[in-house]
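Reader: Got a model open here and I'd like to talk through the fold. Can you start with the ground rules?

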Amino acid sequence: MVLNIPTQKILVVDDNPIILKVLSLALESKGYEVFTAVDGPEAFTVVSREEPDLILLDIFFPPDIFQSGNTWDAFKIMNWLQRMGGPQAKHIPVIIMTGADPGEYRDRCLAAGAANYFQKPIKMPELLDAIQQIFRPRVSDVPLELVVNSSSGRLRL
């Protein structure tokens, strides 16, 4: 029996193109479908269009001088996901990745709804482990039933 498991989609949001490229290559090599965004407005567009299963999100972004003039940060983006992103977006796990002082921001990010927090420079094995933990299916999510064959005492799918 072959299970057809859909590819997990990950959105990486960071204003640094090198970080976007490195994370994209690392995640794609593990079989994930990766989308990128450089700021809040672009992230909203990708979330609406692609419905990612996970977001990797930096905390700070430069001011959005071309569109709204707003200064976006991870807190505004997570708040938007909860309030305005639609039913699917409310349940997208967010992993924060930042160079900001963890003493000042770690607890605040987790309290705002982040699933995890990583300090830059990112330790890729630890990030990949955290992503696997998020995507690991819970027993209640597995659509298979195990049936006990009473005559043989064996389990079969």
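Author: Sure, burial first: buried means under 20% relative accessible area, exposed over 50%, and partly exposed in between, using a 1.4 Å probe and protein chains only. The model is predicted, so local features need pLDDT of at least 70 and side-chain atom pairs count only at pLDDT 80 or more, while totals for chains, interfaces and linings use all residues. Residues are numbered from 1 along each chain as its sequence is written, and side-chain values use heavy atoms, with hydrogens and water left out.

Reader: Okay, is glutamate 50 buried or exposed?

Author: Glutamate 50 counts as buried because its relative accessibility is 18%.

Reader: Where is glutamate 50 found, and what does it touch?

Author: Glutamate 50 is found in helix 2, residues 40–50. Helices (H or I, at least four residues) and strands (E, at least two) are DSSP runs, numbered from the N terminus. Leaving out residues up to four places away in sequence, glutamate 50 touches Lys9 and Phe35, where contact means heavy atoms within 4.5 Å.

Reader: Switching topic: what order do the strands of the sheet have?

Author: The order is 2-1-3-4-5, in an open sheet of 5 strands with parallel pairing. Two strands pair if DSSP finds at least two bridges between them.

Reader: Which ones are the edge strands?

Author: Strand 2 (33–37) and strand 5 (116–119), each pairing on one side only.

Reader: And how many bridges between strand 1 and strand 3?

Author: Strand 1 (residues 9–13) and strand 3 (residues 54–57) pair in the parallel sense over 4 bridges. Leucine 11 stands opposite isoleucine 55 in strand 3.
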